[in-house]
Structure formats: C-alpha cells, structure tokens
Amino acid sequence: MHGGRPTTFNNILVATDYSDTGQDALSEALLLASERDTTTMHVVHVASPAGENVEITTADGSLVTSVGNALTQLEAHVERARVAAIVQGEPIESERVSVHVRVGISEDEILRLAADLAADLIVLGTHGRRGLRALVLGSVAESVVRRAECAVLVVRSKQYAPHEA
C-alpha cells in the first residue's frame with residue numbers, strides 16, 4: 001500500500017479456463033481494472049495442441065477448432081463478462097481489454113505472456129485440489145505464484161469449503 005491506498009495496477013493479465021473459478025478470476029480482474037481508467041487488461045486462454053488446430057474446453061465441453069475460432073470464442077466470453085461487470089457498476093471500455101489464445105503448457109504460456117506484456121498483476125483461479133490429485137496433476141496457480149516476476153492474485157471458488165485442520 002502506498003499512502004493508505006491500495007496498490008493500483010496498470011497492466012493486468014487474467015488467465016481463464018472457462019471454469020467457474022476462471023470466471024471468478026475474470027470478474028475480479030474486471031473489478032480491479034475498472035478502478036482506474038488507465039488500466040489495461042489482457043485475458044489469456046491456454047489451449048492444447050490438436051494437430052493444426054487447438055483444443056479448448058468451454059462451459060459447453062471440449063472443442064477442437066482453429067486458433068482463430070478459439071480467439072472468437074474467448075472474445076465472446078470476455079465480452080459477456082465485461083457487460084455483466086458494467087451492469088454491476090464496474091465499467092471498463094472494450095478498448096482496454098485484449099484477448100490472447102496461447103498453445104502449450106498453461107503456466108509457461110501465462111508467465112511468458114506476462115513477461116511479454118510487462119504485466120504488473122496476474123489474476124487466475126484455483127480449483128483447490130489437494131493430495132495425490134494435485135501432486136500428479138500439478139497446480140497451475142501454484143507454479144505461477146512461485147515463478148512470476150510480478151504480483152499474483154489467486155481467486156478461489158466462492159463455493160470453496162476451507163480445509164479444517
């Protein structure tokens with residue numbers, strides 16, 4: 001904090017995977033970006049390679065498509081979230097929001113794009129997996145937090161039940 005005010009960010013990168021927690025992260029990033037009219041926001045979805053196409057997983061299921069179509073899907077997803085934020089009184093102009101589709105390993109692509117954009121904040125959701133499943137699958141959020149060269153905000157699901165000791 002500086003002078004009693006929360007830190008403001010100029011260049012926010014939010015990663016979405018079309019899940020509920022990804023949606024929560026997108027909503028939180030829109031709120032943060034709306035607080036200052038000079039903030040730019042970049043939204044990234046990391047797709048899996050599928051030959052000459054990519055595989056994305058949306059709320060409607062898995063889809064093998066072109067990178068161009070994946071970008072169109074992401075633009076529509078972000079626009080719906082942006083309009084919902086406007087309705088809730090958190091306006092951000094569409095000109096300040098850019099979308100990116102990357103192909104590869106999620107945490108690597110998120111970090112690479114953050115560096116390319118000189119992002120000062122990365123926002124992403126976490127699914128809260130624990131135990132063997134998290135160990136085997138790894139955690140994108142955990143890896144980004146460990147390796148990022150900027151601030152990271154990890155958003156968990158509102159339905160998350162805290163682990164009791």
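**Exercise 1.** How many bridges join strand E3 to strand E4, and do the two run parallel or antiparallel?

*Solution.* Keep in mind that you're working with a predicted model. Start by finding the two strands: E3 covers residues 53-58 and E4 covers residues 61-65. Next, count the bridges and check direction: there are five, and the strands run antiparallel. Now look at the connection, where a hairpin of two residues takes E3 into E4. To pin down the register, pick Thr57 and look across: Ser62 in E4 stands opposite.

**Exercise 2.** Which loops hold Tyr18 and Ala118, and is each residue buried or exposed?

*Solution.* Begin with the backbone. Most residues other than glycine have a negative phi. Tyr18 isn't a glycine, yet its phi is positive, at about 70°. Ala118 isn't one either, and has a positive phi of about 55°.

Then place them. Tyr18 lies in the loop between strand E1 (11-15) and helix H1 (20-34), while Ala118 is in the loop between helix H3 (106-117) and strand E6 (121-126).

Last, check accessibility. Tyr18 has a relative accessible area of 10%, so it's buried, the cut-off being under 20%. Ala118 comes in at 58%, so it's exposed, the cut-off there being over 50%.

**Exercise 3.** In what order do the elements of the protein run from the N terminus on?

*Solution.* First tally them: five helices and seven strands. Then read along the chain: β-α-β-β-β-α-β-α-β-α-α-β. For contacts between residues at least 6 apart in sequence, 71% join residues at least 24 apart. Finally, burial: 39% of the 165 residues count as buried.

Methods:
Residues are numbered from 1 along each chain as its sequence is written. This is a predicted model: local features need pLDDT of at least 70, side-chain atom pairs count only at pLDDT 80 or more; totals for chains, interfaces and linings use all residues. Side-chain values use heavy atoms; hydrogens and water are left out. Helices (H or I, at least four residues) and strands (E, at least two) are DSSP runs, numbered from the N terminus. Buried means under 20% relative accessible area, exposed over 50%, partly exposed in between (1.4 Å probe, protein chains only). Two strands pair if DSSP finds at least two bridges between them. Contact means heavy atoms within 4.5 Å.
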